[in-house]
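Biologist: I am new to this structure. Please pick one helix and take me through it closely.

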Amino acid sequence: MKFTVDKHEKYVLIKLNETKLNSLISPQLKSELILTNTEGQRNIILDLSAVKYSDSSGLGSLLVGHRICKNAEGTFILTGINENVARLITISQLDNVLTIVSTIDEAIDLIFMEEIEKELKKEAR
């Protein structure tokens, strides 16, 4: 699996450099997402701009990312999704579960807004 990882203080940006997110790539992506989470990162942005095709196992790996971030009280955001993958996500009704934004900048802004909200809620207690 070809990918790049860009670590920041509040989030990690993972860019998948594969055209297919299928049963060959999915287990490796799951492993990377879990490893990233166990290293203490709770906010993950997954850039799928290079991905042109996904199957059900690919969607499963996205759900793993969502679950581990949610369990860590963080955020899992998808960005750069093409039309074919977006259609599969919609058909699977995962567009109601997964957080999807158009650009990496939007994803970063969303993470920072949610982090500020969490801080304000802690202070209000």
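Modeller: What follows is a close look at helix α2 and its surroundings. Keep in mind that this is a predicted model.

Start with the helix itself. α2 runs over residues 56-71. It has 16 residues. From its first C-alpha to its last, α2 reaches 22 Å, close to the 22 Å expected at 1.5 Å a residue. Just after α2, E73 takes a positive phi of about 60 degrees.

Now look at what is hidden. The buried residues of α2 are G58, L59, S61, L62, V64, G65, H66, I68 and C69. Their cover includes two helices, α1 and α3, and the strands β3 (20-21), β4, β5 (53-54) and β6. A general rule helps in reading such a list. An α-helix has 3.6 residues a turn, so residues three or four places apart point the same way.

Next, the neighbouring helix. The axes of α1 and α2 come within 9 Å and cross at roughly 10 degrees. Because angles under 35 degrees count as roughly parallel, α1 is roughly parallel to α2. On the α1 side, the contact is made by S26, L29, K30, L33, I34 and N37. On the α2 side, S57, G58, G60, S61, V64, G65 and I68 take part. By type, the residues of this contact divide into five nonpolar, seven polar and one charged.

One residue of that contact deserves a stop. S61 lies in helix α2. Its relative accessibility is 0%, so S61 counts as buried. Setting aside neighbours within four places in sequence, S61 is in contact with S26, L29, K30 and L33, and also with L21.

Go one place along, to L62. Not counting residues up to four places away in sequence, L62 touches L21, L46, L48, F76, L78, I89 and L98. L62 also belongs to the largest nonpolar core, which has 22 residues. Together with L46, L78 and I89, L62 is among those with the most contacts inside this core. Several elements give two or more residues to the core: β2 (12-16), α1 (26-38), β4 (44-47), α2, β6 (76-79) and α3 (83-91). The largest share, five residues, comes from α2. Apart from this core lies another, of nine residues, including I77, V101, A107 and I111.

To put α2 together: its S61 is in contact with residues including L29 and L33, and those two also help make the contact of α1 with α2. Its L62 touches L46, L78 and I89, which are among the residues with the most contacts inside the largest nonpolar core.

Key:
Residues numbered from 1 in each chain as written. Predicted model: local features only at pLDDT ≥ 70, side-chain atom pairs only at ≥ 80, totals over all residues. Heavy atoms only, no water. Core = buried A, V, L, I, M, F, W, Y, C linked by side-chain atoms within 4.5 Å. Buried < 20%, exposed > 50% of the residue type's maximum accessible area, 1.4 Å probe, protein only. Helix = DSSP H or I, 4+ residues; strand = E, 2+ residues; numbered from the N terminus. Contact = heavy atoms within 4.5 Å. Axes fitted to C-alpha atoms, helices over the stretch in contact; angles between N-to-C directions. Parallel < 35°, antiparallel > 145°, perpendicular 65-115°, else oblique. Nonpolar A, V, L, I, M, F, W, Y, C, P; charged D, E, K, R; others polar. Expected span 1.5 Å × (residues − 1).
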